[in-house]
Amino acid sequence: MSVLYIALPIAILLGAAGLWACLRCIKTGQYEDLEADSYRILLDDQPELSKHDTKSS
Amino acid sequence: MSPTLEEACNRATGSTVRCAHCGLETQVSGRDTWALQEQASSEATEGPPKYFCCHGCMGAYSLIHQLGLENFYSLRALLDQDSQPVRKTKASDSLKNLRESGVEVQTLSDGTCRVRLGVEGLHCAACSWLIESLPPSIPGLKSARVRLSDRSLELLYDPLRTEPFRVAEYLTKFGYVLGPMHQEELEDRADRRLRQEHWYWIAIAFFLAANAMWIAISLYAGEATGIAREHERFLRWVGAILGLLSAAFPGRIFFRSAWQSIKTRIPHVDVPVATGLLVGTIGSLIGAATGKGHVYFDSLASLVLLLRIGRYIQFRAQYRSGMSIAKLLRFHDIEAVRVTAEGQKATVPARQLRPGDRVEVRSGSMIPTDGVISKGQTELQTAFITGESRPQRAMQGQEVFGGSLNLKSTIEITVLKSAHEGRLGQISSLVQQATSDRTPLIQLADRVGRVFVWVVLALAIGTCGTWWAIQGPSVAIQRTVSLLTIACPCALALAAPLVITVAIGRAAREKIWIRDGNALERLSKPGLICFDKTGTLTFGELRVVDWSGPVELLPSVEAIQSQSEHPIAKALVEFIRLENAHAKEQVSACLLKAHSVELEVGQGIRGIVDGREVFIGRIDSQSQTQTQRQEQDRTDEVYRKVGVFVDGNLQGVFRLGDVQRPGVAKALSALQQRGWKLAILSGDDSPHVQSLGLELQKSGIDLEECLGGLSPEQKKEHLDRFHALGLTTVMIGDGINDAIALASADVGIAVRGPSEIALRNAPIYMGANHLELIPRLLDASTNAVQAIHRCFAASLFYNCITIGLAATGYIHPWIAAVFMPISGITVLLMAWTARTFPPHSKSLTQTTFE
């Protein structure tokens, strides 16, 4: 029994996992706005915001 | 949270002023950044300091001053007494009742609401940061996420503690205006779903293709270096399964549409494509089962991938052009300010208006739909609907039509018909119908497309058979697949409808409404154009031709005639005012007052100005004998003479007539240059028809016929006679009294009258009284038909070459799959860029009517 019979399905399954992640990204609309996120990473002070958020709501 | 934001909130208690530019309420405080004192143009103004809500407004204000346009502000105040800050009401009111504004609110499982709103004034990352920093300062707002790509904002909020309206109010302070997403944006959302689906399948196809290719590589490597028989069989099977999956899932769309086309017996582009895929699938199954020959599953999977990508690109291109056409044809997508019984105002799209609603129409905006004025009076520009180019007075209780432009002051109307039933809605649906009509050229394209599919299938069978016999199945299958993939009649099927639709849409921009796409095809070759005289070549009403007499007399004439409603009086007054404006002579016209003005029916008008008795009227009645009068009548049939008598002495004479529209001669000679023959068919029985003909002949225009005194039936007979001579007959006239002639001509072009009646009688209606538009329309038709022919030629040429190459084996299936969308997109581009209506040239815009 060659290792090929195990390795190939595993390789394809790993690839399929990647595919699944990609499909999820598409479905949740993560590719819709590539513009805002690239700025958001530079500007947002998220930790502070979320603290306030939990306090106020 | 940020300090600036906190400051801004604290400041909310300060005293308020109005922004000098936009009128928005702003707070004043010493170190206030939001209420800026004017610094930029201190030299431009004296007086009290001006306040601005933001730098943008201050910039606009100082720019307006620098350009010397400060009258803008006083004019604005003058025109619309109640010009309140428009932006604020717009932002908040339309959000007060979300359901009414057509905003979709999602309620999540934990009771939180999610809503997506459009944001105006969003410029850059800083804006999105500012908005996203909001939640802590508004209790109940959980999160705000900005999407820059379509300028929208998603709010997550607790409906018990806050509502989008409050957020909107808050954001208005910062200069961001929230509103419901517009129709276009909603359509964009439907498109986004489709786009996601495309991406989804492309991702799957890519995964399958990439894996299949690796397996194919191992097989090729195994062939070169030696491979165990069982391993080879295993790899073949895995590859075959991947290929099959690819054909079965991402490739399903092609099989499905091919199956539909077979079921409905309408051959479709996807039939050859699906056949190609099927051949590939069978090939790869045979390969896997027998373990012989080349492998196809990698080709199959990559073919599916490339075809899907091609489909996506085509979808994008089609969608874009479709959107632009939709925009071109969207005439009635106007916003309206609805006033509720309690006097509250809300901005809603016009299509939501129902009969009985009260709507406020500000000056400068369009009346959203047909209704009756219930408050106020104004002047309306109704050229869009009735072809009347001069502003019309509209009083309370008068019926007004959607699409009219409110020129003067704010009015309130009570809606009579919903936007779809109103005139504007009817016109746009008539025009929209035209874009879906199948004109002869489109039908031809359809037929050719169908034949094409069968020819391709036959060629494919031939290719397959020949190569099978010569080089065996593997070569045969590969070449057949390439041929089936690259042959693409879509260019044929797409080009003609697209060109016609684009032309109709662009024509609508020029206020030429085309109900019937056939008209465009018919106008592409020269024939005979018949004109109606009254109202088409002439103004259709009395106007002053000239005035012989002292200029000083004119103010007195105006003083008397402005008290009369008679058509002649109106013509005289208009002429004198025009003269005054022309000479820039502010003669004290308005200071002169006429006393004891008396109308003498059939004779004229008498009055006392400046202590002198002035009589304006028939020359014969006072100073001429009976014989002279008869003589006068005979020579004076073309022009009417009106004399001005001061204390019984004839001092000056006006000549009045139905004057030729300016630019008629120019337009007619432009038509002649294009090879069209011209004729006048008029119902007018006066010698004026002949004199107009002579006048035109003097300016170098040959008229085939110049007939007056025709009844509508006689006009039709003449048109039929011309038609029998083999000429394309075009009738240009006004929509009502020429109805029969317009309908019986090959192409009827209506130039006046209510447009939806005109559109029913004639396939083309011109909303603007530009005769110059006719040459443009003819050019547009010629260009459109030529563009269709060009697309046909390009498509046939492309297909002949590529099918030849594919059959002889010069094109691999992959390359074929790449080429397929390219051909389609090229044709789309050719159709879209066809210069059906080239941009206005200078000479055309300058010689406009009134």
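In this predicted model, B:Asp746 is a buried acidic residue that goes without a salt bridge. The nearest side chain of opposite charge belongs to B:Arg522, and that one sits 5.6 Å away. Since a salt bridge calls for a side-chain nitrogen within 4 Å of a carboxyl oxygen, the pair of B:Asp746 and B:Arg522, at 5.6 Å, doesn't make the cut. What the side chain of B:Asp746 does reach is the backbone nitrogen of B:Thr729, at 2.9 Å. As for its setting, B:Asp746 lies in the loop that runs between α26 (739-744) and β30 (747-750) of chain B. Setting aside residues up to four places away in sequence, B:Asp746 touches B:Arg522, B:His723, B:Leu727, B:Thr728 and B:Thr729. B:Thr729 thus turns up among the residues touched and also as the owner of the backbone nitrogen that the Asp side chain reaches.

Another buried polar residue is B:Ser781, with a relative accessibility of 0%. B:Ser781 belongs to helix α28 (residues 773-807) of chain B. Apart from neighbours within four places in sequence, its contacts are B:Leu520, B:Leu523 and B:Ser524.

Salt bridges do occur elsewhere: over all chains, the structure holds eleven of them. One joins the side chains of B:Arg236 and B:Glu232, with N to O at 3.2 Å. Both residues are in helix α8 (residues 229-248) of chain B, and because they are four residues apart there, about one helical turn separates them. Neither end of this bridge is out in the open: B:Arg236 is buried at 5% relative accessibility, and B:Glu232 is buried too, at 16%. The bridge doesn't stand alone either, as B:Arg229, B:Glu232 and B:Arg236 are linked in a network of salt bridges.

A further bridge pairs B:Asp357 with B:Arg338, their closest N and O atoms being 3.0 Å apart. This one ties together distant parts of the chain, 19 residues apart: B:Asp357 is in the loop between β11 (345-349) and β12 (358-361) of chain B, while B:Arg338 is in strand β10 (residues 335-339) of chain B. B:Asp357 has a relative accessibility of 17% and so counts as buried; B:Arg338 is likewise buried, with a relative accessible area of 11%. The bridge between B:Glu613 and B:Arg606 has its closest N and O atoms 3.3 Å apart. Here the two ends fall into separate classes, with B:Glu613 partly exposed at 32% relative accessible area and B:Arg606 buried at 17%.

Strand β10, home to B:Arg338, is also part of an open sheet. That sheet has six strands, in the order β11-β10-β12-β18-β13-β16 (chain B), and the pairing is antiparallel. At the edges stand β11 and β16 (399-400) of chain B; each has a single partner strand, so one side of each is left without a neighbour in the sheet. The antiparallel strands β10(B) and β11(B) are joined by five bridges. In this part of the sheet, B:Val337 stands opposite B:Thr347 in β11(B).

Stepping back to whole chains, chain B has 30 helices and 31 strands. Its 850 residues include a buried fraction of 51%. Looking at contacts in chain B between residues at least 6 apart in sequence, 68% of these join residues at least 24 apart. The accessible surface of chain B amounts to about 39,300 Å², with carbon and sulfur atoms accounting for 56%.

Chain A has three helices and zero strands, its elements running α-α-α from the N terminus on. Of its 57 residues, 23% count as buried. For chain A the accessible surface comes to about 4,100 Å², and 67% of that belongs to carbon and sulfur atoms.

Note on methods
Residues are numbered from 1 along each chain as its sequence is written. Chains are lettered from A and ligands numbered from 1 in the order in which they are written. This is a predicted model: local features need pLDDT of at least 70, side-chain atom pairs count only at pLDDT 80 or more; totals for chains, interfaces and linings use all residues. Side-chain values use heavy atoms; hydrogens and water are left out. Helices (H or I, at least four residues) and strands (E, at least two) are DSSP runs, numbered from the N terminus. Buried means under 20% relative accessible area, exposed over 50%, partly exposed in between (1.4 Å probe, protein chains only). Contact means heavy atoms within 4.5 Å. Accessible areas come from the Shrake-Rupley method with a 1.4 Å probe; for residues, only the protein chains shown count as cover. Two strands pair if DSSP finds at least two bridges between them. Lys and Arg count as positive and Asp and Glu as negative; His and the chain ends are not counted. A polar contact is a pair of N or O atoms within 3.5 Å; within protein, one must be able to donate a hydrogen and the other to accept it, and residues adjacent in sequence count only if both atoms are side-chain atoms.
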